[in-house]
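Me: Please take me through the structure below and explain the words you use for its parts. I would like each word set against its cut-off.

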Amino acid sequence: MGFNCGIVGLPNVGKSTLFNALLSQQAAEAANYPFCTIEPNVGRIAVSDERLDALAKIAGSAQIIPTQLEFVDIAGLVRGASKGEGLGNQFLANIRETDAIIYVLRCFEDGDIVHVEGSVDPERDAEIIELELILADLESLEKREDNLKKKAKSGDKETLATLAIIEPILPLLRDGKPARLYKPKDREEAKRVRGLQLLTSKPAMYVLNVDEKSAATGNELSKKAAAMAKEKNAGSVIISAQIEAEMAGLSDEEKQEFLGDLGLKETGLNSIIREGYSLLELITFFTVGPKETHAWDVRKGATAPEAAGVIHTDFEKGFIRAETIAYKDYAEFGGEQGAKDKGKLRLEGKEYVVQDGDVFHFRFNV
């Protein structure tokens, strides 16, 4: 499944610097002028998980396959993007394809790096981005509502159900609030909301880009931005894109030493991954064998057949049962046979809700 997230922000806030650092390569041109990123750059990163290595060692797996974290670096946004200003139309089209949004906010002063708004104010910058997304959503929904109302006269149930979702979301947008504040009543309604492809219904995270000396504690700008994020019920992470860039070419041991000198416990990437998993409500399950140990992502609350479908749609269609061992039991008792001998291998059916760390062997019939 993976974590697909668009990195957005005003020009010159450190988006491309962060993107390059996260991928440990100069995949996007980072320059001191607006719109230096013209096409969306996409990069995938292997997500480190100590459990994956432990499982592979116990099973003697020939290959280890981690989950993937995908970042999309999207061209800088300016006021009027919803009306096509700057690279607005392209920006909106690119972000519509992502699962979640990372708002990169500049929380550092630097006279050598111009700010498109003339001053540094992360709260204002966040409002500019959010407003443009809200305006784009509002225009999209109002057009759709008119067409659906005409179609609804025939009594079409699907049309009426979609209208029932749109009607409570429109007042939010008209009031300048994101669609994510609307809470679906059930999974079916949540599916309909996703089907609307609204920009502001996507989960959001604020990455607060500070100067190097503020990386460990933050600064006044980042504190205000973090408080704003909390009010919007969104996550926030403090990082220094410059520090991440400086660590890009270091070994793991050198990174830890570098972080220690700065009073940091982990890299910005790890902070973003952790917050991202929480943002998208993702958990990890594993398949283990002599050929490979593979980590897979699925949303919290998913059933065993849904997890099987992440591997292959045929697994979900023909699902029979899932041979299941909790990670803790697999590790403690030395693998599948040891866990089985201790009575820790369970046969779970279609209603079983996947738990983080489950080790599965799916039985299916196609």
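Reply: Thr 324 is a place to begin: Thr 324 sits in strand 10 (residues 319–325). The model is predicted, so local features need pLDDT of at least 70 and side-chain atom pairs count only at pLDDT 80 or more, while totals for chains, interfaces and linings use all residues. Residues are numbered from 1 along each chain as its sequence is written, and side-chain values use heavy atoms, with hydrogens and water left out.

Me: What makes a stretch a strand or a helix?

Reply: Both are DSSP runs, numbered from the N terminus: a helix is H or I with at least four residues, and a strand is E with at least two.

Me: Why is Thr 324 called buried?

Reply: Buried means under 20% relative accessible area, exposed means over 50%, and partly exposed is in between (1.4 Å probe, protein chains only). Thr 324 has a relative accessible area of 0%, so Thr 324 is buried.

Me: What does the side chain of Thr 324 reach?

Reply: The side chain reaches the backbone oxygen of Ala 322 at 3.0 Å. A polar contact is a pair of N or O atoms within 3.5 Å; within protein, one must be able to donate a hydrogen and the other to accept it, and residues adjacent in sequence count only if both atoms are side-chain atoms. At 3.0 Å, the distance from Thr 324 to Ala 322 is within that limit.

Me: How do you know that Arg 174 forms a salt bridge with Glu 142?

Reply: A salt bridge is a side-chain nitrogen of Lys or Arg within 4 Å of a carboxyl oxygen of Asp or Glu. The closest N and O atoms of Arg 174 and Glu 142 are 3.3 Å apart, so the pair meets the definition. Arg 174 is in helix 5 (residues 157–174) and Glu 142 in helix 4 (residues 122–152), so this salt bridge ties together parts that are 32 residues apart in sequence. Both partners are partly exposed: Arg 174 has a relative accessible area of 49%, and Glu 142 has 30%.

Me: How many salt bridges does a search of the whole structure find?

Reply: The search finds 19. Among them is the pair of Glu 145 and Lys 149, whose closest N and O atoms are 3.6 Å apart. Glu 145 and Lys 149 lie four residues apart in helix 4, about one turn of the helix. With 11% relative accessibility Glu 145 counts as buried, whereas Lys 149 is partly exposed at 44%.

Me: Why is Glu 348 called buried, and why is Arg 346 called partly exposed?

Reply: Glu 348 has a relative accessible area of 17%, which is under 20%, so Glu 348 is buried. Arg 346, at 28%, falls between the two cut-offs, so Arg 346 is partly exposed. A salt bridge joins Glu 348 and Arg 346, with the closest N and O atoms 2.8 Å apart. Elsewhere, salt bridges that share partners link Asp 49, Arg 51 and Asp 356 into one network.

Me: What makes the gathering of Glu 253, Glu 254, Glu 257 and Asp 261 a patch of negative charge?

Reply: Asp and Glu count as negative and Lys and Arg as positive, while His and the chain ends are not counted. Patches are made of residues with over 30% relative accessible area and no salt bridge; like charges are joined within 9 Å, and nonpolar side chains (Val, Leu, Ile, Met, Phe, Trp, Tyr) within 5 Å. Glu 254 has 40%, which is over 30%, so Glu 254 meets the area cut-off. Glu 254 belongs to helix 9 (residues 252–261), and the patch lies on the surface.

Me: What is unusual about the phi of Asn 12?

Reply: Most residues other than glycine have a negative phi. The phi of Asn 12 is near 65 degrees, a positive value. Asn 12 is in the loop between strand 1 (3–8) and helix 1 (15–22), and counts as buried at 14% relative accessibility. Glu 281 also has a positive phi, about 55 degrees, without being a glycine. Glu 281 is found in the loop between helix 10 (268–279) and strand 8 (282–288), where Glu 281 is partly exposed at 48%.

Me: Where is Ala 302, and why is Ala 302 called buried?

Reply: Ala 302 is in the loop between strand 9 (292–299) and helix 11 (304–311). The relative accessible area of Ala 302 is 5%, under the 20% cut-off, so Ala 302 is buried. From Ala 302 to Tyr 352 the C-alpha distance is 8.4 Å, with their positions 50 residues apart in sequence.

How values were computed
Areas by Shrake-Rupley, 256 points an atom, 1.4 Å probe, with all protein chains shown as cover. Charge placed at Lys NZ, Arg CZ, Asp CG, Glu CD.
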